[in-house]
Amino acid sequence: MTDNITLTGLVATTPRHLTTSEGLAITSFRLASSQRRFDRASNRWVDGDTNWYTVSAFRALAENAATSISKGDRVVLSGKLRIRDWENTDRSGTTVEIEAESIGHDLVWGISSYTRNSSSSEVTSLVEDDWGGIPDKDGEEEEDLPLAAKGRKKVAA
């Protein structure tokens with residue numbers, strides 16, 4: 001059984017990207033996640049303990065992370081949690097690993113620019129109008145509806 005987890009933290013190491021001989025893309029890095037709290041006695045914010053995670057991303061996420069994420073970036077990620085005990089001749093310990101399912105910049109700390117990957121298998125392309133809206137199938141712009149409602153037919157009340 002795997003547990004899913006969502007974390008915010010700082011990319012603590014330069015992401016390492018490799019492609020296996022079978023063609024599997026892998027990107028990994030260490031994530032430092034600290035809890036902050038307001039100490040009323042001293043009237044200031046204080047850092048709590050730091051948790052360290054080894055994050056691994058595979059396939060397309062690995063390719064995109066290698067291009068987008070750098071040491072020092074603040075990120076939000078979600079993935080599968082794995083805790084493993086290890087030992088060698090000198091030492092033993094526990095490692096906490098996250099198999100990332102999604103990674104993005106933490107917009108609390110700054111701004112980010114998004115570029116969608118183009119795919120040769122894409123048949124249709126979306127073109128924004130002058131106001132930033134995307135026309136629906138009939139060429140008319142959809143109203144400001146929740147994302148889940150876009151593309152659905154309007155029903156008379």
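1. Two strands are said to pair if DSSP finds at least two bridges between them. The pairings described in this note rest on that usage, and the model to which they belong is a predicted one.

2. On overall composition, the protein chain contains one helix and six strands. Read along the sequence, these elements follow the pattern β-β-β-β-α-β-β. The chain has 157 residues, of which 20% count as buried. Among contacts between residues at least 6 apart in sequence, 53% join residues at least 24 apart.

3. A pairing to inspect is that of strand β3, residues 25–39, with strand β4, residues 44–58; the two are antiparallel and share 13 bridges. Within β4, threonine 54 is the residue that stands opposite arginine 30. The two strands form a hairpin, with four residues between them.

4. The turn of that hairpin deserves a separate remark. Asparagine 43 lies in the loop between β3 and β4, and its phi is near 55°, a positive value in a residue other than glycine. Is asparagine 43 buried or exposed? It counts as exposed, because its relative accessibility is 58% and the cut-off for that class is over 50%.

5. Strand β4 also has a second partner. Three bridges join β4 to β6, and these two strands run parallel. One of the residues concerned is serine 56, whose bridge partner in β6 is glutamate 99. Thus β4 is antiparallel to β3 and parallel to β6.

6. Threonine 27 belongs to strand β3. Its relative accessibility is 1% and it therefore counts as buried, a class defined as under 20%. What does the side chain of threonine 27 reach by polar contact? It is joined to the side chain of histidine 17 by a polar contact of 2.7 Å. In addition, a polar atom of the threonine 27 side chain lies 2.7 Å from the backbone oxygen of alanine 62.

7. The wider surroundings of threonine 27 can be listed once its neighbours within four places in sequence are set aside. Its contacts are then Pro15, Arg16 and His17, next Val55, Ser56 and Ala57, and finally Ala62, Ala65 and Ala66. Ser56 in this list is the residue already named as the bridge partner of glutamate 99.

8. The helix, α1, spans residues 59–68. Arginine 59 has its place in this helix and, although not a glycine, has a positive phi of about 55°. At 56% relative accessibility, arginine 59 counts as exposed. The reader may wish to view arginine 59, exposed in α1, beside threonine 27, buried in β3.

9. The largest pocket holds about 450 Å³ of space. Of the 17 residues that line this pocket, Asn64, Ser68, Ile103, Tyr114 and Thr115 are the closest to its centre. Which element gives the most to the lining of the largest pocket? That element is α1, with six residues. Strand β6, residues 92–105, supplies at least two residues of the lining, as does α1.

10. As to the character of the lining of the largest pocket, ten residues are polar, five are nonpolar and two are charged. Taken with the earlier points, β6 is thus an element that supplies lining residues and also runs parallel to β4.

Key
Residues numbered from 1 in each chain as written. Predicted model: local features only at pLDDT ≥ 70, side-chain atom pairs only at ≥ 80, totals over all residues. Heavy atoms only, no water. 1 Å grid on protein atoms, 1.4 Å probe; cavity = no way out; pocket = protein on both sides within 12 Å on 5 of 7 lines; lining within 4 Å. Points joined across faces, edges and corners; volume = space filled by probe spheres on them. Nonpolar A, V, L, I, M, F, W, Y, C, P; charged D, E, K, R; others polar. Buried < 20%, exposed > 50% of the residue type's maximum accessible area, 1.4 Å probe, protein only. Polar contact = N/O pair within 3.5 Å; in protein donor to acceptor, adjacent residues only side chain to side chain. Contact = heavy atoms within 4.5 Å.
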